[in-house]
Amino acid sequence: MVSQMSRRTSDHFAACLLGGSLGDALGWPVEFHRTSEIRTRFGRAGIQNPVASKAGVFEITDDTQMTLFTAEGLIRAFVRYNARGMCNPIGVIHRAYGRWFSTQSGEYPGRIREDKDAGWLIRQRDLWAARAPGNTCLSALRTTSDCEPAKNDSKGCGTVIKTAPIGLVCNDPFGMGCEVAALTHGHRTGQIAAGFLSRVIGLLVEGGTLTEAIAATMDYVSLVEGHEETTAAIQRALDASLEKEITPELIETLGGGWIAEEALAISLLCALRAESFEHGVRLAVNHSGDSDSTGAITGNLLGLVMGLESLPTAWLDGLELRDVTEKIARDLFKANSGEMPSGDTSALDFEISDPAIVAEIRADIERKARGYEEWVEMYPGY
């Protein structure tokens with residue numbers, strides 16, 4: 001792959017997660033609606049801007065919620081590794097999904113309990129809103145814990161909608177994406193689709209173009225057992241991307257986006273043909289299918305590729321949980337880049353006679369220690 005400028009920056013991480021939230025919010029009002037119904041309500045061009053709720057915000061759904069808990073799980077995994085020198089990130093992410101489950105059901109699955117290790121994210125009460133959460137995710141999390149794979153044969157799009165943070169930070173994004181998907185969805189195609197998106201995002205972070213990232217991932221995944229449904233869906237999207245005009249009718253030839261490989265294919269098509277962030281996510285939501293999911297995935301991709309400045313200010317200003325989403329994204333960057341506060345409070349080992357300098361150094365160490373304590377309170381490594 002030809003390397004461009006790296007996107008491994010705090011702003012790019014924020015743009016990726018915020019972009020996904022915006023696509024989610026744009027598509028949520030028309031999820032479950034057919035194209036004809038969308039046109040009747042919004043005009044021939046379909047929905048063009050997010051619709052404010054009665055509370056005056058652009059609501060996000062379980063797609064963004066689960067993405068945030070994926071990111072939180074990854075941050076906690078970094079904290080745990082730094083503290084203990086070992087960590088199974090899949091288990092930490094599984095527990096994060098258990099906390100999301102509790103926000104939707106009012107109960108804690110398995111051995112997940114609300115306690116001193118609950119952390120910061122779950123205390124954001126707006127996250128407890130139920131916005132058509134996926135039944136497969138709920139049922140899988142209700143009956144599994146401690147890295148146990150889901151006991152179903154589903155390949156619903158719930159595998160890919162929560163995947164973006166994995167691609168941002170993991171050394172093996174394909175493998176990790178597949179393993180995390182398996183926590184909620186048992187079908188191999190759903191897992192491979194999640195791994196595919198994770199690897200595309202990982203290559204974009206390194207600086208490649210979207211076209212390059214898809215091509216390289218196609219080559220990689222084509223060697224994986226069980227790839228056929230996923231790679232065939234992506235190839236149909238690549239063929240469709242050559243058409244003169246991307247219409248809802250063309251998008252619907254790829255499916256409705258309710259299953260993983262279709263949601264991924266639609267999102268890649270719309271991202272490839274996007275003339276701007278708004279144009280791309282509008283393409284992604286105006287069809288007879290799972291509009292918020294395809295909008296969210298497309299928004300993740302375009303936010304990362306186009307950057308924070310590409311996100312429309314008017315949409316961001318009304319976005320539900322904007323500050324929470326941005327903070328999680330930037331904290332994920334800090335954790336991945338080694339910028340999280342250090343808990344090292346070891347004795348000073350130097351010979352300086354000036355008491356003022358010694359006092360300044362001690363104060364700096366104590367300040368960093370307090371920062372570490374606050375960080376661990378927000379993201380306990382459990």
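This is a short group-meeting talk about salt bridges, one serine and a cavity in a protein structure.

Hi everyone, and thanks for coming. Please keep in mind that what we are looking at is a predicted model.

Let's start with charges. Side chains of opposite charge can pair when their charged atoms come close. How many salt bridges does the count come to here? The count comes to 12. I'll walk you through a few of them.

My opening example is R131 with E320, whose side chains meet in a salt bridge at 2.8 Å, N to O. Where do the two partners sit in the chain? R131 is in the loop between α4 (89-105) and α5 (135-143), while E320 is in the loop between α15 (313-318) and α16 (322-337). That puts them 189 residues apart, so the pair links distant parts of the chain. And are they buried or exposed? Both R131 and E320 are buried.

Now turn to R322 and D317, another salt bridge, this time at 3.5 Å, N to O. Here R322 is partly exposed, with a relative accessible area of 26%. Its partner D317 counts as exposed because its relative accessible area is 57%, and the cut-off for exposed is over 50%.

Next, please find helix α16. R330 and E326 both lie in this helix, four residues apart, which is about one turn of the helix. Their side chains meet in a salt bridge at 3.0 Å, N to O. There is a further partner to look for: D11, E326 and R330 are linked in a network of salt bridges.

Let's leave the charges and visit a serine. S241 lies in the loop between α10 (228-240) and α11 (248-251). Why do we call S241 buried? Its relative accessible area is 15%, and buried means under 20%. Leaving aside neighbours within four places in sequence, S241 is in contact with L269, L272 and R273.

Last stop: empty space. Rolling a probe the size of a water molecule over the atoms shows where such space is left. This structure holds three cavities of 30 Å³ or more, and I'd like to show you the second largest, with about 60 Å³ of space. Among the residues that line this cavity are L17, D63, I161, N300 and T325. Which elements give two or more residues to the lining? They are α1 (10-27), α3 (62-84) and α14 (291-306). Of these, α3 gives the most, with four residues. By class, the lining has four nonpolar, six polar and one charged residues.

That's my tour. Thanks for listening!

How values were computed:
Residues are numbered from 1 along each chain as its sequence is written. This is a predicted model: local features need pLDDT of at least 70, side-chain atom pairs count only at pLDDT 80 or more; totals for chains, interfaces and linings use all residues. Side-chain values use heavy atoms; hydrogens and water are left out. A salt bridge is a side-chain nitrogen of Lys or Arg within 4 Å of a carboxyl oxygen of Asp or Glu. Buried means under 20% relative accessible area, exposed over 50%, partly exposed in between (1.4 Å probe, protein chains only). Contact means heavy atoms within 4.5 Å. On a 1 Å grid over the protein atoms alone, a cavity is a set of points where a 1.4 Å probe fits but cannot get out, and a pocket is an open set with protein on both sides within 12 Å along at least five of seven lines; lining residues have an atom within 4 Å of a point. Grid points are joined across faces, edges and corners, and a volume is the space filled by probe spheres set on the points. Ala, Val, Leu, Ile, Met, Phe, Trp, Tyr, Cys and Pro count as nonpolar, Asp, Glu, Lys and Arg as charged, and the others, Gly among them, as polar.
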